[in-house]
Amino acid sequence: DQYTEEIKAFTAAKADELEVFRIKFLGTKGLIKDLFEEFKTVGPEEKRTFGKVLNQFKQFAEGRYNEIKESLGSGPQVKESDIDLTLPGDGFEVGSRHPLSLVRNEIIDIFKRLGFVVAEGPEIEDDWHNFSALNFPQEHPARDMQDTFFIRKGDGTDDIALRTHTSSVQVRMMENGKPPFRAIMPGRVYRNEAISARAHCFFHQVEGLYVDENVSFSDLKQTLYHFVQELYGEGTKVRFRPSYFPFTEPSAEMDISCTICKGSGCNMCKYSGWVEILGCGMVDPNVLENCGIDSKKYTGFAFGMGIERITNLKYVIRDLRLFSENDVRFLKQFTTDI
Ligand code: PHE
């Protein structure tokens, strides 16, 4: 009876007070446990009444305990037992740079260290900047080298096109400034090709232009040689093969030795040991003159490369379409802190 009164009178303002109560009455070493121990020792005729009283007392104490517990728990709606603080948090996906952006930035950085600035121009170009100024004569088959998307105007003429290379930016730069020029031109270009693993209707280029007095072919070779050492690693070999572009004379294509996969058999070189990475040459004097530059006083070199190709060789990617499909399984492999 004394305890019944105590339990009735009991109130708790805090959870730890309630805990003291629980230990005293309901705990494994508590009063009720003791009484149950005592119950074992009483005679069989007393067991019935004693047992009944005891059970009532236990239920009473438990009831009071739950009552107080509930009133205390009116703060947060979630019960403590509903929160598992050991669970890991929800994943938070951080984006990553597109591989083409990574490689473009790397190319830009290398040429910046050599004193090249970055120049940009429009993707919709006129015939002059994309072709004529670059020594592509009208009706010359060289225009077919680059399958162009022409934009037909209302009057039936089509001298506007999506640029097929960023050489058009070189023309704009030379027209609008004075030598020396030392610049690279990164940007998107368009060609009318069926989309496949090896071709796309658009891709990305970095072209370069260096015009000054006494610029020679050996300057071209050394600049590009240095570029390759920086991008693909010290010891990468280069070789130049004669080629043709309307805007350069002489023209060449540059190959690099295929050490890319370090002999693991990527076969990007088709077992030849060499892969082509860019076109280059000495700026044709006609082009300099077209842009208002004295070709007796100045010479220059130019080069142009596809960023997709450089990226394919760097990461052994075999299908161009991966670059524009936005498949995160592909893209998230290129995490970096650049
Ligand atoms: N404009 C050429 C192309 O798009 C590349 C190039 C640039 C070649 C400069 C030589 C010199 O294929």
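The following exchange concerns the reasoning behind several descriptions of this predicted model.

Me: Why is Asp 127 called buried?
Reply: Asp 127 has a relative accessibility of 14%. Buried means under 20%, so Asp 127 counts as buried. This residue belongs to helix H6, residues 127–130. Leaving out residues up to four places away in sequence, Asp 127 touches Ser 132, Gln 138, Arg 143 and Asp 159.

Me: What makes Cys 201 partly exposed, and why does Cys 258 count as buried?
Reply: Cys 201 has 22% relative accessibility. Partly exposed covers the range between the limit for buried, under 20%, and that for exposed, over 50%, so Cys 201 is placed there. Cys 258, at 17%, counts as buried because the limit is under 20%.

Me: How many disulfides does the structure hold, and what would make a pair of cysteines count as one?
Reply: The structure holds zero disulfides. A pair would count if the two cysteine sulfur atoms were within 2.5 Å.

Me: What makes a set of residues a nonpolar core, and which residues have the most contacts inside the largest one?
Reply: The members must be buried residues of the nonpolar kinds, Cys included, joined through side-chain atoms within 4.5 Å. The largest such core has 41 residues, and Phe 111, Phe 303 and Met 305 have the most contacts inside it. Elements that give two or more residues to this core include helix H5 (99–113), strand E6 (202–212), helix H8 (217–232) and strand E10 (299–306). The most comes from H5, with seven residues. Not counting residues up to four places away in sequence, Phe 111 touches Phe 116, Ile 184, Thr 223, Leu 224, Phe 227, Phe 303 and Met 305. A second, separate core has 22 residues, among them Val 169, Phe 181, Phe 245 and Leu 288.

Me: How do you know that His 165, Arg 191 and Glu 207 make polar contacts with the ligand?
Reply: A polar contact is a pair of N or O atoms within 3.5 Å. A polar side-chain atom of His 165 is 3.1 Å from a ligand nitrogen atom, one of Arg 191 is 2.9 Å from a ligand oxygen atom, and one of Glu 207 is 2.7 Å from a ligand nitrogen atom. Each pair therefore meets the limit of 3.5 Å. The protein covers 92% of the 320 Å² of accessible area that the ligand has on its own. E6, E9 and E10 are the elements that give two or more residues to the shell around the ligand, and E10 provides the largest share, three residues.

Me: Which residues of helix H7 are buried, and what covers them?
Reply: In H7, residues 167–176, the buried residues are Ser 167, Ser 168, Val 169, Gln 170, Val 171 and Met 174. Their cover includes strand E2 (124–126), H6, strand E5 (181–190), E6, helix H9 (285–290) and E10.

Me: Why is Asn 214 called exposed, and why is Asn 326?
Reply: Exposed means over 50% relative accessible area. Asn 214 has 70%, so the term applies to Asn 214; Asn 326 has 59%, so the term applies to Asn 326 as well. Asn 214 is in the loop between E6 and H8, and Asn 326 is in the loop between H10 and H11. Asn 214 has a positive phi of about 60 degrees, and Asn 326 has one of about 55 degrees. Most residues other than glycine have a negative phi.

Definitions and conventions. Residues are numbered from 1 along each chain as its sequence is written. This is a predicted model: local features need pLDDT of at least 70, side-chain atom pairs count only at pLDDT 80 or more; totals for chains, interfaces and linings use all residues. Side-chain values use heavy atoms; hydrogens and water are left out. Helices (H or I, at least four residues) and strands (E, at least two) are DSSP runs, numbered from the N terminus. Buried means under 20% relative accessible area, exposed over 50%, partly exposed in between (1.4 Å probe, protein chains only). Contact means heavy atoms within 4.5 Å. A polar contact is a pair of N or O atoms within 3.5 Å; within protein, one must be able to donate a hydrogen and the other to accept it, and residues adjacent in sequence count only if both atoms are side-chain atoms. Accessible areas come from the Shrake-Rupley method with a 1.4 Å probe; for residues, only the protein chains shown count as cover.
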